Every structure is written in C-alpha cells, then in structure tokens.
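Here is my note on the model, as numbered points. Please read it with the coordinates open.

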Amino acid sequence: MKKAKLADLKQTQIHDAFWDRYTHLVKDVIIPYQWDAINDNLEGVEKSHSLMNYKIAAGREQGEFYGAVFQDTDVAKWLEAVGFTLAAQEDKGLEERADGVIDIIAEAQQPDGYINTYFTVKEPQLRWTNLQEGHELYTAGHLMEAAVAYYRATGKRKFLDVMRRFADLICDVFSDEKNNRAYPGHQEVEIGLVKLYEVTGERGYLEQAKRFLDRRGVGENYFLWEEKQPKFRRIFPEFTDYQTVYSQSHLPVREQKTAEGHAVRAVYMYCAMADVAAAYDDEELLNACITLWKNITTKRMYITGGIGSSGLLERFTTDYDLPNNRNYSETCASIGLALFGRRMAQITKNAAYMDVVESALYNTVLAGVAMDGKSFFYVNPLEVWPQNCIPHTSLDHVKPVRQKWFGVACCPPNIARTLASLGEYVYFYDEDTVWVNLYIAGRTTAQLADGSVEVQLATEYPDNGRVRIKVNSRSARAKLAVRIPGFAPDTAVTVDGRRITEQPVDGYMVLPIGAGAAAVTLDIPLEPRVMRANPNVREDIGKAAVVRGPVVYCLEETDNGSNLPALYLDTDKPLRTSYEERLFGGATVIYADGGRMVTDGWREDELYAQKETAYQPQKLTFVPYAFWGNRAHGEMLVWVKENR
C-alpha cells in the first residue's frame, strides 16, 4: 500500500474568508501569546515555567523543576507551530527566537543524548523507570515532530541532529537486546520516530516505532510489571489500581476492536499504526485501524467530531454513551482524530475519512480557540449551563468560558500547530494525482512524476457551496481527485463547462487533466439539515441537531434567552439561512420556528407539581458551534427537543 504525500507547506498558501480569521492569528497573535505563556509573562494565569525548566536543565538558570511531568511539550509544540508558520512565510525575527530556544534545548541535552527536564532536574536517578506515567517517550515524540517541522521549513539541521541523538538513545535503550518488552505509557514517540525516518531515511527509527506497537498488550502487561520494580515511584495518585485499558495496553494492537481508554493516547496510537501499516504494507495492521475507526465514528463520536465521553480519565466509555453536558471531548483528541483520518485517507484514498476530518476541524477544533486567539477550551461539551459548572463536582472539568491558559496546556499549542499546518489537510498528491480534500481557498504546487501541477482554489465555503478550481499542469498523466462530501452526494461537477456524469470513486471524483490548463467547478448543496441520533444514543432521543454543510449549529442564551432546554424546535417548518456580516466577522446564521415551555404558572416554592405542559411560540436562532462563547457569557445547546 502506498501513502499519498502531504502538500508541501512551502508550496501552499491559504487565503480563505472563513479560515483566515484563524490562520492569520497563528503568526500574529497565537504564537506570540503562547510565547508569553511559556515564559510566564501572562498575568492571572497558572505559570507554565516550561522554558525555564529547559534553562535550568541547560545550566543557564538555577532553580527547581515546576509543572507537570510533561511540561516540556508546551515548548515542543510551540516550536512545531513556528516551523509550520515559517514554511509558509519567512520571518527572520521569529526564526531567530526559535533558534534561541533550540540552543537551550541542545544545551539541556545530556551527554548520552537524553532530553527531559523533569528527570534531568528533579529525579535523574529515575529515568526510564516509570514509562506508565513518566511521559518521557511522549515528550520525546513531540520534540521529534517539532524538529522535523523546523528542518523542513528552514533547512537548519541543529534541532534535527539533537533529536536524532535522542532517537538513537531510545533505539538503543529499548532495543530487543536491552529491553524487549517496554513501550510508552502515552503514545506519541511512535509518530515522531516515523517522521524522523521519513526525513532522514534512517530505517532504525521506523523499526523502533513498529517494535513499540508490536510489544503493546503482549504477555504480562509491562506497566503492571513496572509497578513491582524497586525504583518505581507513583507520580499521579489517581493511577493507583492502574487499569491497562486506559493506555490501550489491554490487548495487542492488532486484536483491538473498540476504541478504549484515554482518547488522545488512543488516536495518537492509531496514527502510528496507520503510518507503520503503510510503511510495511501490513494489511492486518491496516484492517485493525479500519475496525477502530469504524467503532469511533459509528458508535463513540459526537456530531461535532468530539471524542472522549468521560470527564474522569478523559476516556472513551461504551458504545452510544454520548452525554452532552459532562463529556470531555478534549480539543487534542479531535486533533488526533483528524490526524488519524488524514492518514487513513492518504492510504486508502477514501473520502469518507476526510468527511470526519472536516467535521472535527470545523467544529470541535475551532471551538477550542477564541476568535481573538487568546483564550481556549480544553473540554468541548455540547450543552453548557454555566451555573452548574461548579468546582469539585462531576462538572468541574467543564468551563463555561474559554481560559487564558492551563496548568496542563497541551491543547492551545496543539491548536496552533494544527492551524499552521492546515494546507497538509487540504491537498495530497502522488506520482500522477492531486487530491483536493477540503474546500479552503488558496493554492498549492505539487511535483508529480513527470511534471508539476499548480492548483488554485477559490470559494466562500462553508457559507457558499460554489467552489472554483484552476489547474495548470505540466504532467501528461495528471489527474485531479476532488472530494464529494458525504453529506452532498448530488454535488455537481463541471470541467471547462462540461458536466461530469461519471460516478465518484470512494467519494472522490477523479478528473483526468493531463498537460495544460483546466477549470473545475463544484456546486455543493448546503441546505440546512435536521439531524437525529441513533436511538441507542439515549441522551439524544426526542432531540434534533441543526447542521449545514460540515458546520454543526447551536443555540446560545445571547440569542434565545436562558433555560435553553425549555425550548423545542418545530421540525415541520423550514429552516432559514442568512449571512450576517455583523456576527463573528461574518457568519451564516440559521433561523427556525419553535417554542418555549411556559413557566409562569410555577411558584418559586414548587419543585414538583401535577401541572399540564404548555408552550408558547418562539423564533430560534442557531449559530455555528465553533463560534459559541465569543460574545456574552451564557448557556449553549446543540441537541434541541423537537415537536414529535
């Protein structure tokens, strides 16, 4: 099996009415804001100390380690976002700042190649003794990914060579000869090792990624064995009575049929499984990925592309358990889902994977960042009543407003690196084909086997369904594969004014272009849709959600008043759309007919009473879920009772 290549960010630009409001923030706002965060320059937020930890490990500063055991990754993901940003646009000042950080990391590297400020500064004698909780390999993976992104953007080898030394150490320490049972507690290093292999050609890195996957869940569980060793010291008290399903180590990866445990760990592991399956032409491993993807997307995923139903341990639970007001749906988990789906689309050339990727990006991932780029959601529920989001309760994890930063801040820099690498989701290519996966305005140039192909995409999607694609090809064999969204199978496609009547192949309309120029137009129907959940989703029985294109909509208290669960949607009446320039910098709003339960007859001292239910008419206003909470503080609701 052959994996299509991602678009080269140096040859790709995004200029899109919908996405520019976010992508422009990365360089101008989010990266500088997060720089202030990792340097502890933000007032009124929990300190990060992450860059200071590196300075202490490097001997530049004196002090104690501060923060979580994985605090190093805040810096790693900041650097990765910088790398993606520099690939698209030169910025000498930003590059010099990043070079300075890389110098510090290099100085913090130990003589044998090891990098981890927690264990270097705080507990050097405990290196590699707690893979269950220690996050050493997780941190290494993010540093590897950052080094690859920075090298590809700048051509500078220093960071890459630093991480190669660390990767060489990992391959030695965890070789079959020295430790043939170990694997990471939080998966990520496998992804980093594969990326190092792809950019260096050093096959040992790929082989180590495969070893980590092949060992997982085989024989006596490594983490339970590790707990019995004399040097093991518990870091997280909540992991007492450790459950192996939490880390997807309960079964060998090829035997896993359902998505289990911590959602971010799971999808990062599935990404690595897909990478390794493609590299080794491993059909069994790919089939495991397909099975796990199907379980997630047909039984354990929110309509917004969120995953992880439980606020306790941030994990998957059971099929169809999708509560709306207390779920976790971590922003990082949806990013991981998008990364997994992107890989599966690269391998299988099946557009259904990109349907889910699109949903995750347009909904949960974007909801994770405010439109000013300076506050963030870690958790993404589908129903919020601010008054019951009370600390030290079962809703303690739900925040009704975006936060300036987090003590555990994996999501904000993850959002930054995702937005900065958006072009890699839009286009793929191989020897003779360019795939257009997402309808985001911009352009790319892909080098095919016998010539280059330039693709320019113009659209106002998802507000407008007209997509225009100009192709200039120097390849006699060039083909353009355009995704037909699963929600719009009747999308009309024309090439140079000629209507295409052929059927899509696995969701892509494959258009032979050859050498020369071509003009492709898609007309994607974007009528709003009333969606209902499988009746096994007990939480959503008798409720409906409103969706238009890939965008899920919600009610906000700002438009509809308080006590949103007292509202119902009249699904017998048509939904009406209007583009409102005054809202959110321009957004399509959906208006609907409905009603509100009459509460006037209830006295304040009546909690229960034998009363008839009555409703009065009310117009409802739905706004994109991703935009909620950007105006006033208040309630939010996705699934609305309907009049059936």
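1. Start with the surroundings of Arg483. Leaving aside residues up to four places away in sequence, Arg483 touches Ala351, Met354, Asp355, Glu358, Val436, Asn437, Leu438, Tyr439, Gly507, Tyr508 and Leu522. The model is a predicted one. Arg483 is found in strand 9 (residues 479-483). Its relative accessibility is 0%, so Arg483 counts as buried, the limit being under 20%.

2. Which side chains make polar contacts with Arg483? Asp355 is one of them, with a polar contact of 2.8 Å between the two side chains. Glu358 is another: its side chain makes a polar contact of 2.6 Å with the side chain of Arg483.

3. Asp355 and Glu358 bring us to helix 14 (residues 352-367). This helix has 16 residues. From first C-alpha to last it reaches 23 Å, close to the 22 Å expected at 1.5 Å a residue. Even so, look at Leu361: a kink of about 35° is centred there. As for burial, 14 of the 16 residues of helix 14 are buried, so the helix is largely enclosed by the rest of the structure.

4. Now helix 13 (331-348). Its 18 residues should span 26 Å at 1.5 Å a residue, and the end C-alpha atoms are 26 Å apart, which agrees. Buried or exposed? For helix 13, 17 of the 18 residues are buried, so it too is largely enclosed by the rest of the structure. Lys349 follows the helix and has a positive phi, near 55°.

5. Strand 9 belongs to an open sheet of five strands, in the order 1-4-5-9-12. The pairing is mixed. Strand 1 (5-6) and strand 12 (508-512) are the edge strands, and each pairs on one side only. Strand 1 pairs with strand 4 (residues 427-429) in the antiparallel sense, over two bridges. In that pair, Leu6 stands opposite Phe428.

6. Strand 10 (residues 492-495) deserves a separate look. Four bridges join strand 10 to strand 13 (residues 516-523), and the two run antiparallel. Val493 stands opposite Leu522 in strand 13. Leu522 is also among the residues that Arg483 touches.

7. Strand 10 has another antiparallel partner, strand 11 (residues 498-499), joined by two bridges. Val495 stands opposite Arg498 here. The hairpin of strand 10 and strand 11 has two residues between the strands. Within this hairpin, Asp496 takes a positive phi near 50°.

8. Next, the salt bridges. How many does a search of the whole structure find? The count is 42. Side chains of opposite charge can pair when their charged atoms come close. Some residues are linked in a network: Lys210, Asp214, Arg254, Asp282 and Glu284.

9. Arg181 and Glu220 form a salt bridge, with the closest N and O atoms 3.9 Å apart. Check this one against the cut-off, since a salt bridge has to be within 4 Å. Arg181 lies in the loop between helix 7 (158-173) and helix 8 (189-200), and Glu220 in the loop between helix 9 (203-215) and helix 10 (222-227), so the pair ties together parts 39 residues apart in sequence. Arg181 is partly exposed, at 27% relative accessible area. Glu220 is also partly exposed, at 42%.

10. Asp319 and Arg300 form a salt bridge, with the closest N and O atoms 2.7 Å apart. Both residues lie in the loop between helix 12 (283-299) and helix 13, 19 residues apart. Asp319 counts as partly exposed at 26% relative accessibility, whereas Arg300 is buried, with a relative accessible area of 5%.

11. Last, a salt bridge between strands. The closest N and O atoms of Asp593 and Lys619 are 2.3 Å apart. Asp593 lies in strand 19 (residues 587-597) and Lys619 in strand 20 (residues 615-624), so this pair ties together parts 26 residues apart in sequence. What of their accessibility? Asp593 counts as buried at 13% relative accessibility. Lys619 is exposed, with a relative accessible area of 58%.

Terms used:
Residues are numbered from 1 along each chain as its sequence is written. This is a predicted model: local features need pLDDT of at least 70, side-chain atom pairs count only at pLDDT 80 or more; totals for chains, interfaces and linings use all residues. Side-chain values use heavy atoms; hydrogens and water are left out. A salt bridge is a side-chain nitrogen of Lys or Arg within 4 Å of a carboxyl oxygen of Asp or Glu. Buried means under 20% relative accessible area, exposed over 50%, partly exposed in between (1.4 Å probe, protein chains only). Two strands pair if DSSP finds at least two bridges between them. The expected span of a helix is 1.5 Å times one less than its number of residues. A polar contact is a pair of N or O atoms within 3.5 Å; within protein, one must be able to donate a hydrogen and the other to accept it, and residues adjacent in sequence count only if both atoms are side-chain atoms. Contact means heavy atoms within 4.5 Å. The bend at a residue is the angle between axes fitted to the seven residues ending there and the seven starting there.
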